[in-house]
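Hi,

Here is the structure I promised to pass on. Have a look at it first, and then read on for what turned up.

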Amino acid sequence: MSSTPPPRPPNDAYKSCSSASSAPRLRRFGGRLGCPGTTSTTSPSPSTTASATTTTARPIQIWTSTLQRTILTATPIFGFPKIQWRALDEINSGVCDGMTYEEIKKIMPEEYESRKKDKLRYRYPRGESYLDVIQRLEPVIIELERQRAPVVVISHQAVLRALYSYFADRPLREVPDMEEKFAGRQDTSIG
């Protein structure tokens, strides 16, 4: 007869790419322009994490970025606390915000080629690289690791690639090309 304790319940994390805007269909970077109504909360507060439960009596939290389309994606999910994390915002594409890959290739061919050569380390002019995104996700990962109840993360492709790679224990070099399997529509405009 074994005296080992039962395994602890898994720390469930669910991911979703937002698709509330037309930007994903147009394969445009960013979407920071014209996204009114976003609010910013950099960390969860105890007052926002109480009361919601699943049928198994485990509280669920919904974590979104501070950008409008993730907030709108989470809107129909009733009865669960929603926490906005600025760290879950999409990769900052700097001066390329709102541009398509084809526009970048035509207008900024050197930037297009630089990104193509090293997507992980490439930093958009006045923007971020995947490595920057990974660094800013550290507090989110620490908090996810602490959670003992399911968390639904509604964010953007580059961010979800980084989170998925971390939890799947994938090498850093694979992050930019990671193909995630999302519960919903896959947003292919970022990354």
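Let's start with D169, which counts as exposed because its relative accessibility is 67%, above the 50% cut-off. In this predicted model, D169 sits in the segment after α7 (157–167). Its backbone is a bit unusual: phi of D169 is positive, about 55°, although D169 is not a glycine. For background, most residues other than glycine have a negative phi.

R126 is another case of a positive phi in a residue other than glycine, with a value near 60°. You'll find R126 in the loop between α4 (109–117) and α5 (130–136). R126 is exposed too, with a relative accessible area of 75%.

Now stay in that loop for a moment, since E128 also lies between α4 and α5. Is E128 buried or exposed? E128 is buried: its relative accessible area is 14%, and anything under 20% counts as buried. Leaving out neighbours within four places in sequence, E128 is in contact with E90, I91, N92, Y122, R123, V133 and R136. One of those partners, E90, is 38 residues away from E128 in sequence, while their C-alpha atoms are 9.7 Å apart in space.

Stepping back to the whole chain, it has seven helices and four strands. Read from the N terminus, the order of elements is β-α-β-α-β-α-α-α-α-β-α. Of the 191 residues in the protein chain, 45% are buried. The chain exposes about 10500 Å², and carbon and sulfur atoms supply 55% of that area. If you take the contacts between residues at least 6 apart in sequence, 72% of them join residues at least 24 apart.

The strands are a good place to look next. How many of the residues of strand β4 (residues 151–155) are buried? Five of the five are, so β4 is largely enclosed by the rest of the structure. Both of its faces are covered, with V151, V153 and S155 buried on one side and V152 and I154 buried on the other.

Strand β2 (residues 61–64) pairs with β4 in the parallel sense, over four bridges. To find the register, look for Q61, which stands opposite V151 in β4. Like β4, strand β2 has both faces covered: Q61 and W63 are buried on one side, I62 and T64 on the other.

β2 has another partner as well, strand β3 (residues 82–84), again in the parallel sense and this time over three bridges. Here T64 stands opposite Q84 in β3. Between these two strands comes a helix to trace by eye: β2, helix α2 (residues 68–74) and β3 make a right-handed β-α-β unit.

On to the nonpolar cores. The largest one has 28 residues, and the members that touch the most others are W63, L88, L137, V140, L144, V153 and L163. α5, α6 (138–146), β4 and α7 each supply at least two residues of this core. Which element gives the most to it? That is α7, with five residues. There is also a second, separate core of five residues, and I60, I62, A74 and V152 are among them.

Last, the aromatic rings. The structure holds three aromatic pairs, and I'll describe two of them here. W63 and W85 form a tilted pair, with the centres 5.1 Å apart and 35° between the planes. W63 lies in strand β2 while W85 is in the loop between β3 and α3 (101–107), so this pair ties together parts that are 22 residues apart in sequence. W63 is buried with a relative accessible area of 0%, and W85 is buried as well, at 4%.

The other pair is Y122 with Y124, which is edge-to-face: 5.1 Å from centre to centre, with 80° between the planes. Both Y122 and Y124 are buried, and Y122 is one of the residues in contact with E128 mentioned above.

If you open the model, W63 makes a handy starting point: it is on the covered face of β2 beside Q61 in that list, it is among the core residues that touch the most other members, and it forms the aromatic pair with W85.

Cheers

Notes. Residues are numbered from 1 along each chain as its sequence is written. This is a predicted model: local features need pLDDT of at least 70, side-chain atom pairs count only at pLDDT 80 or more; totals for chains, interfaces and linings use all residues. Side-chain values use heavy atoms; hydrogens and water are left out. Buried means under 20% relative accessible area, exposed over 50%, partly exposed in between (1.4 Å probe, protein chains only). Two strands pair if DSSP finds at least two bridges between them. A crossover is right-handed if, with the strands pointing away from the viewer, the path from the first strand over the helix to the second runs clockwise. Contact means heavy atoms within 4.5 Å. Accessible areas come from the Shrake-Rupley method with a 1.4 Å probe; for residues, only the protein chains shown count as cover. A nonpolar core is a set of buried Ala, Val, Leu, Ile, Met, Phe, Trp, Tyr and Cys residues joined through side-chain atoms within 4.5 Å. Rings of Phe, Tyr and Trp (its six-membered ring) pair if their centres lie within 6.5 Å; planes under 30 degrees apart count as stacked, over 60 as edge-to-face and the rest as tilted.
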